Amino acid sequence: MASFPTTIKSFTTKVDGAGKTISAAHVNDLQSEVVAIETAIITGPFPIRGVSYTWPAADGSSGNALLTNGAGTLSWAVGPAKVFLQWDALGNRPPATAYATPDTRNAHAVLDFDGTTDEEAIFAGVLPVAYASGGLTIELYIAFTTVTTGSAHFQASIERIDLSSLDIDADSFAAVNESAAITAPATCGMVVKTTITFTDGADMDSLAAGEAFRLKIRRDADGTGGTDDITTDCELLRVVLRET
Amino acid sequence: MSRNFTAASSQYLYSNLPILGATARPCTFHCWFLPVTATDNGVLMMSLTAGTTNWRQLGLRSSDGKLGAQERELAGASGIATSTGVLTNGVWAACGAVWTSAASRTVWLNGAKDTNTDAVALTDSFDTFRIGGQANYATGDIAEAAAWNVGLDDAEMVALAKGYSPDMIRPAAHVAYWKLFGNAASEADYWKNKYDLAIVNAPAKAAHPRIYYPTGAF
């Protein structure tokens, strides 16, 4: 494999500017050097600012970033984390009415959502400035108090608290988005995860990077937006907000 | 989840450890209570000397639906601060008492206070603490009971009535904090003193009031 030349070879015969013919051998020399440079770039390793790098043989996956081993060998790895926030049950800032109630399950803090009446929990935060307009995905980690069959349904909505604009004396949540059906696991006590997605813009109340917000989680126990045929409590353990 | 008490079943929680036993005034009680019938009397929280009439209690007054913070001494004298407001059947109420001095005690109902100034020469030698009553038992749900060895100020009592966890109110003066989730064979004291309460006559588990718990950043 050709190595990257540190200098271009000098022609063996100098050519003046009077139109004299250049030797074919000299042209061939120059061509060989160009090919060597191209080969080095394509197959590596080749130096940049004095460091010789060996690149991965193939492209990485979407969102991957280059990782070095500290000796010039590069590889693809999962890219930097996107916008990410999480809360456990203690992060709830309950609404005045119809709130999910705090409980414990084997020392895990959980929020109990009723099986017949819609109940809500609210989580507050600031959307990190790194948010890149990719939309948001809400992940809910849920257990069921007693059942091992049936399916539950949750909803989420976002309230943007834009500076010098929103009057927080009243609620201002955008329309709810729906979860898929959440099937109770066969073993009571196991935790399942469901997601609720928001597209950037009005769907997430036009929340922008660096702005305060509230996230409302509701169990749609009466099945307005989707089937919820479990009549006993769901237990919410964690809420994750990440950029889609 | 709270504990549901039924007076007819004489249900209560207790500790025979000297919770606030050697603590002279001031001190503070606070809990949330959801009455079935607000005009039934019943004790929510009390410190007492077993077998005597020496006690300090927070509870419902008979028939008028009001909350009372009462101290009674061995000699029989007593003083009671009675709330102006009344409790409502089936509605959570923030119930508190600040025991300030021998001649001053305040009762707090949903962030509003009333004061009584009768002189009561209470003997601070309590050896028992109860939730749910003694002789006069409560009927309803009790949760988030806590005690401090100081008299909380007005702003702190109002904050408790808004639903802030006792963990967030003057923690340096905490004595005990029972969330009363109703899940275990005893009710854990979530504060460092570990004054867990024994359960008598099986008060059931019930729904919890809304509470703002402290949480850190993730």
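1. Let's start with how much of chain A is covered. In this predicted model, buried residues make up 37% of the 244 residues in chain A. A residue counts as buried here when its relative accessible area is under 20%. For chain B, 55% of the 218 residues count as buried. As you look at the two chains, keep these percentages in mind.

2. Now for overall shape. Chain A has a radius of gyration of 30 Å, whereas a compact globule of 244 residues would have one near 18 Å. Its C-alpha trace spans about 95 × 50 × 30 Å along the principal axes. The accessible surface of chain A comes to about 13000 Å², with 56% supplied by carbon and sulfur atoms.

3. How does chain B compare with the globule rule for 218 residues? Its radius of gyration is 15 Å, close to the 17 Å that the rule gives, so chain B is as compact as a globular protein of that length. The C-alpha trace of chain B spans about 50 × 40 × 35 Å along its principal axes. Chain B exposes about 7900 Å², and carbon and sulfur atoms supply 52% of that area.

4. Next, the building blocks. Chain A has one helix and 16 strands, while chain B has one helix and 18 strands. Contacts tell you how these chains fold back on themselves. In chain A, 71% of the contacts with a separation of 6 or more involve residues 24 or more positions apart. In chain B, among contacts between residues at least 6 apart in sequence, 67% join residues at least 24 apart.

5. The helix of chain A, α1(A), covers residues 24–43 and makes a nice check on geometry. At 1.5 Å a residue, its 20 residues should span 28 Å, and the end C-alpha atoms are 28 Å apart, which agrees. Just after this helix comes Gly44(A), with a positive phi near 65 degrees.

6. Which residues of α1(A) are buried? They are His26(A), Glu33(A), Ala36(A) and Ala40(A). Viewed down the helix axis, the buried residues fall within an arc of 75 degrees, so they line one face of α1(A). These buried residues pack against β1(A), residues 46–48. The face turned away from the buried side carries the exposed residues Ala24(A), Gln31(A) and Ile42(A).

7. Chain A also offers an open sheet to trace by eye. Its four strands run in the order β8-β15-β11-β12 with antiparallel pairing. The edge strands, each pairing on one side only, are β8(A) at 119–126 and β12(A) at 177–178. Between β8(A) and β15(A), residues 212–219, there are eight bridges in the antiparallel sense. To find your place, look for Gly125(A), which stands opposite Phe213(A) in β15(A). As a reminder, strands of a sheet pair through backbone hydrogen bonds, either parallel or antiparallel.

8. Finally, take a look at β8(B), residues 93–101. This strand is mostly covered, with seven of its nine residues buried. It pairs in the antiparallel sense with β3(B), residues 27–35, over seven bridges; here Phe33(B) has Ala93(B) as its bridge partner. β8(B) also pairs in the antiparallel sense with β9(B), residues 104–109, over six bridges. In that pairing, Cys95(B) is matched with Leu109(B). A hairpin of two residues joins β8(B) to β9(B).

Methods:
Residues are numbered from 1 along each chain as its sequence is written. Chains are lettered from A and ligands numbered from 1 in the order in which they are written. This is a predicted model: local features need pLDDT of at least 70, side-chain atom pairs count only at pLDDT 80 or more; totals for chains, interfaces and linings use all residues. Side-chain values use heavy atoms; hydrogens and water are left out. Two strands pair if DSSP finds at least two bridges between them. The expected span of a helix is 1.5 Å times one less than its number of residues. Buried means under 20% relative accessible area, exposed over 50%, partly exposed in between (1.4 Å probe, protein chains only). The arc is that of the directions from the helix axis to the C-beta atoms. Contact means heavy atoms within 4.5 Å. The radius of gyration is taken over C-alpha atoms; the globule rule is 2.2 Å times the number of residues to the power 0.38. Accessible areas come from the Shrake-Rupley method with a 1.4 Å probe; for residues, only the protein chains shown count as cover.
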